[in-house]
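Here's a quick briefing on a metal site and the helices around it. Have a look at the structure first, then read on.

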Amino acid sequence: MKSSSEGSGRPLGYDVDDNATRFSNYFHVLRELVHGSNGWLPLVPEWPRKYSLGDHLHDDARALTKIRRRLYELRHPSDYPGTPSPELEQLLDRLAGARSPEGYLDVAYGEAKPALVRAMRIHLEGLDPVADEPSLRLLTQVVERQERHARELGGAPTPRDGGDIGALPVELHSGARELPVLPPLSEPARDDYVEVTPGGDPYLSRDLYVNGPENHVPIEPDEQRHFFHGLMDAELSAAELMARNSHEHPEMPWDFHVDMARQTWDEVRHAHLHDLLMKEELGCEWGDYPVGFSYFRSIYAYDLLGRLCLFNGTSEQRAMWRHSHRRKVLMELGQERVAMVFDYLLADEVPHVHNGVRWGAHLLGGSEAAYREKVRELRTALDETGAPA
Ligand SMILES: [Fe+2]
Ligand SMILES: [Fe+2]
């Protein structure tokens, strides 16, 4: 138990078991926040909130990775550090029991994240900054991010009172808490001012999406407006697919969820990049043209292996060539600002394609050859733009 040591003014700190218990409680809250945010992200209509959720769930996944590591250091190795107390379960059940994006965000940002912030601040005040410097560094970084999250999506300042979830007991040597999975999506949500039609934007022609000599690079202002608007929607769909891959497969190894969280954040960042490019360079904005979900639906209908093969292993793999081609053509025309966008899209696509190889092979007993064979097989159902034939 914490108390001040005589003389030095330095807190005596927590004993190792109490310290590990605190981290176990953070583990449980963050694990369910990552899971829930992945499930709800596609159903949040408002673009800025969808962006923040993608950003925060990536922070949370990285924080959880570090907390797992700290638990490993403090306690016998365990992938699942005990069962939460009934009191913590009440909070986790409220998170899991949300029936709308609003309801989820209210609990996640109005209760769970403020509870984490409170507990981590208490932890930081009470720990021995020398003996327990690894916890000091970890918590200093994580608590600031949690405070930012609560500010960005919580609305109200974090209440100071409300109990300390870090001090709740955990029951060791018992099984993992089940992560309930939301019903399958029918389609993702968009801002109410965005028109959703079956065919999407009729301006977007096939030759923009084929690889090879017949590929058309949009160079005129009007075609660039439509192109980047369509690309922003495609980035959102990509984020939503990755978020759902993670949410719908809690049985996958933790590293899979970290990879999906990173890609979800990358894709919403790409959408943010296109949003700015449209406003600052192209004179248009999100919502100016219709969008459609036929491609999203065609990929979402597959199981996890099929999604990895067709989205990461095919769509994103083929997009690399087009991004490189677009960059070269636009650079030659002196359109550096637009060309540079494709440079970073291309760089980020490399790990995204690798996510397909890594986790597709995992699902096939570790065989990359079996994954590549599956990619070849599923590609026969696609046309030259990567859409279902
Ligand atoms: Fe992207
Ligand atoms: Fe991507």
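Histidine 352 is buried in this predicted model, with a relative accessibility of just 1%. Its ND1 atom is one of the donors to the iron ion (ligand 2), and its side chain also makes a 2.8 Å polar contact with the side chain of aspartate 266. The points below work outwards from there.

**The iron ion (ligand 2)**
- Besides His352 (ND1), the coordinating residues are Glu267, Glu316 and Glu349, each through OE, and the distances run from 1.9 to 2.3 Å.
- The angles among the four donor atoms go from 83 to 174°, and the site comes out as irregular.
- Four donors would need all their angles between 85 and 135 degrees to pass as tetrahedral, so a range of 83 to 174° doesn't fit that label.
- Along the chain, the donors follow the spacing E-x48-E-x32-E-x2-H.
- Glutamate 316 sits in helix α9 (residues 304-332) and histidine 352 in helix α10 (residues 336-363), so this pair ties together parts 36 residues apart in sequence.
- Glutamate 316 is buried too, at 4% relative accessible area.

**The iron ion (ligand 1) and the bridge**
- Here the protein donors are Glu235 (OE), Glu267 (OE) and His270 (ND1), at 2.0 to 2.2 Å.
- Their spacing in the sequence reads E-x31-E-x2-H.
- Which residue coordinates both iron ions? That's glutamate 267, and the two ions lie 3.5 Å apart.
- Glutamate 235 belongs to helix α6 (residues 221-247) and glutamate 267 to helix α7, so the pair links parts that are 32 residues apart in sequence.
- Both of these glutamates, 235 and 267, are buried.

**Aspartate 266, the polar partner**
- Aspartate 266 is in helix α7 (residues 254-282).
- With a relative accessibility of 2%, aspartate 266 counts as buried.
- Setting aside neighbours within four places in sequence, aspartate 266 is in contact with Asp348 and His352.

**Helix α10**
- The 28 residues of α10 should span 40 Å at 1.5 Å a residue, and the 41 Å between its end C-alpha atoms agrees with that.
- There is a kink of about 25° at glutamate 349, shortly before proline 351; glutamate 349 is also one of the donors to the iron ion (ligand 2).
- After α10 comes glycine 365, which has a positive phi near 70°.

Terms used: Residues are numbered from 1 along each chain as its sequence is written. Chains are lettered from A and ligands numbered from 1 in the order in which they are written. This is a predicted model: local features need pLDDT of at least 70, side-chain atom pairs count only at pLDDT 80 or more; totals for chains, interfaces and linings use all residues. Side-chain values use heavy atoms; hydrogens and water are left out. Donors are N, O and S atoms within 2.8 Å of the metal (3.2 Å for Na, K and Ca); water is not among the atoms, so sites may look incomplete. Four donors count as tetrahedral if all angles lie between 85 and 135 degrees; four count as square planar and six as octahedral if opposite donors are over 155 degrees apart and all others between 65 and 115; anything else is irregular. Helices (H or I, at least four residues) and strands (E, at least two) are DSSP runs, numbered from the N terminus. Buried means under 20% relative accessible area, exposed over 50%, partly exposed in between (1.4 Å probe, protein chains only). The expected span of a helix is 1.5 Å times one less than its number of residues. The bend at a residue is the angle between axes fitted to the seven residues ending there and the seven starting there. A polar contact is a pair of N or O atoms within 3.5 Å; within protein, one must be able to donate a hydrogen and the other to accept it, and residues adjacent in sequence count only if both atoms are side-chain atoms. Contact means heavy atoms within 4.5 Å.
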